[in-house]
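Here is a short report on how helices pack and how a ligand is held in place by its neighbours. Keep the sequence and the 3D view open as you read.

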Amino acid sequence: MKVIDHINQAKDKTIVSFEVLPPLKGKGIEALYKHLDPLMEFKPAFINVTYHRSEHVFKKRADGSFEKVVVRKRPGTESICAAIMNKYNVDTVPHLICGGFGINETEDALINLRYLGIDNVLVLRGDAAKNETAFEPEPGGHKYAIDLLKQVVNLNAGIYLEEDLKGTHKTEFCIGVAGYPEKHFEAPNMDTDLRYLKAKVDAGADYIVTQMFFDNAKYYAFVKACRDIGINVPIIPGLKPVYTKKQLTVLPKTFHIDLPTDLSNEMLKCKTDEEVEQVGTEWLLHQSKDLKKSGVPVLHYYTLGKPHIVANVVKEL
Ligand code: FAD
């Protein structure tokens, strides 16, 4: 079932959804099931599975020199979605990115997703590869998420890359896109970023999922700014717990977001990461209750290795 149908069916009720990473290569899918098992009692409407492109890494040879190799640490997004659907009978949302893909591979991936019975995709640009300073599309690949989105919209209209296939099978993907309550880090300002977000919605996005934020006021201001420029699709808040002191610097550096002073002060007072986890759980619960009260359609949790924190929060809602 499509994400948008879940939202419409729930009417004014807030539903929950979770986001997981594919297991690290070598770990097997059982690790992921172990992660998901404690979360399934909350009957998530859907589960997102992130996409991780290949990276170049340098491996040391026996003679001390280095060899550049391409590795993909977390493969399998599409098949993991199918496996989760099969095991838990829940809808899934594979993330699809521009980075590392040509348009033909993208089309094949979309066709495979339909064969697997997957109704949803979250379309993203992806970040620059680790060895690049700025995002570089594949030769002939998409430069921005909107270009990938248009390919999905085309396929939904039965427009394939090969002219001859025009008017054959139409896919029916529900399409989500990313939004940034604290602005995407490359955008010169919020207005420009919002204009590009609106372009994605005008081109056919059914809903928006936000980057994580820790200050609900920023989400509310973002939603208002979106509505003011005519973005009317559901805007799903993305939420993540804090659980280590290191996140005080890692989260702003990696995701280009701020931690509110009250939260960072509480984290700084903690002597152990267990204490930080307690602070993070309370903060996430407070955020979730407030968002639910405000009538958000979905609470989307980035579970990222800490399913028990998310489970403790959702239990209290
Ligand atoms: P875009 O919408 O293409 O925007 C990128 C930048 O370009 C923005 O600054 C925007 O303002 C600007 N822009 C957009 N259109 C144009 C245009 N036509 N001309 C000029 N500028 C333009 N990354 C992964 O690799 N895998 C994942 O699974 C993943 N999941 C994510 C899930 C969520 C909910 C979010 C919020 C992010 C996720 N990311 C993921 C990270 C994402 O790929 C990065 O944030 C990336 O840098 C931007 O992706 P986007 O889809 O927002 O890009």
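A polar contact is a pair of N or O atoms within 3.5 Å. With that cut-off in hand, turn to the ligand. The model is predicted.

**Around the ligand**

An oxygen atom of the ligand lies 2.8 Å from an N or O atom in the side chain of histidine 184. That distance is within 3.5 Å, so the pair counts as a polar contact. Aspartate 193 offers another pair: an N or O atom of its side chain is 2.7 Å from an oxygen atom of the ligand. Tyrosine 144 pairs with a nitrogen atom of the ligand instead, and the distance from an N or O atom of its side chain is 3.5 Å.

Which residues come nearest to the ligand? They are Asp127, Tyr180, His184, Asp193 and Lys200, out of 23 residues around the ligand.

**Three pairs of helices**

Now look at the helices. Two packed helices are described by the angle between their axes and the distance between the axes. The table gives both values for each pair.

| Helix pair | Residues | Angle | Axis distance |
|---|---|---|---|
| H4 and H5 | 103-115 and 145-156 | roughly 50 degrees | within 11 Å |
| H6 and H7 | 190-202 and 216-228 | about 60 degrees | 10 Å |
| H10 and H11 | 273-294 and 307-316 | about 40 degrees | 9 Å |

Start with H4 and H5. Their axes cross at roughly 50 degrees, which makes H4 oblique to H5. The crossing of H4 past H5 is right-handed. On the H4 side, the contact is made by Ile103, Thr106, Glu107 and Leu110; on the H5 side, by Leu148, Gln151, Val152 and Leu155. By class, 5 of the residues in this contact are nonpolar, 2 are polar and 1 is charged.

Next come H6 and H7. They pack at an angle of about 60 degrees, and that makes H6 oblique to H7. H6 also passes H7 in a right-handed crossing. Which residues of H6 meet H7? Met190, Leu194 and Leu197 do, and they touch Phe222, Ala225 and Cys226 in H7. This contact has 6 nonpolar residues, with no polar and no charged ones.

Last, take H10 and H11. Their angle is about 40 degrees, which makes H10 oblique to H11. The crossing of H10 past H11 is right-handed. H10 brings Glu277, Thr281, Leu284, Leu285, Ser288 and Lys289 to the contact. H11 answers with His308, Ile309, Asn312, Val313 and Glu316. Sorted by class, the contact of H10 with H11 holds 4 nonpolar, 4 polar and 3 charged residues.

How values were computed:
Residues are numbered from 1 along each chain as its sequence is written. This is a predicted model: local features need pLDDT of at least 70, side-chain atom pairs count only at pLDDT 80 or more; totals for chains, interfaces and linings use all residues. Side-chain values use heavy atoms; hydrogens and water are left out. Axes are lines fitted to C-alpha atoms, for helices over the stretch in contact, and angles run from 0 to 180 degrees between N-to-C directions. Helices (H or I, at least four residues) and strands (E, at least two) are DSSP runs, numbered from the N terminus. Angles under 35 degrees count as roughly parallel, over 145 as roughly antiparallel, 65 to 115 as roughly perpendicular and the rest as oblique. A crossing is left-handed if the near helix is turned anticlockwise from the far one by less than a right angle, and right-handed if clockwise. Contact means heavy atoms within 4.5 Å. Ala, Val, Leu, Ile, Met, Phe, Trp, Tyr, Cys and Pro count as nonpolar, Asp, Glu, Lys and Arg as charged, and the others, Gly among them, as polar. A residue is near a molecule or strand if one of its heavy atoms lies within 4 Å of it. A polar contact is a pair of N or O atoms within 3.5 Å; within protein, one must be able to donate a hydrogen and the other to accept it, and residues adjacent in sequence count only if both atoms are side-chain atoms.
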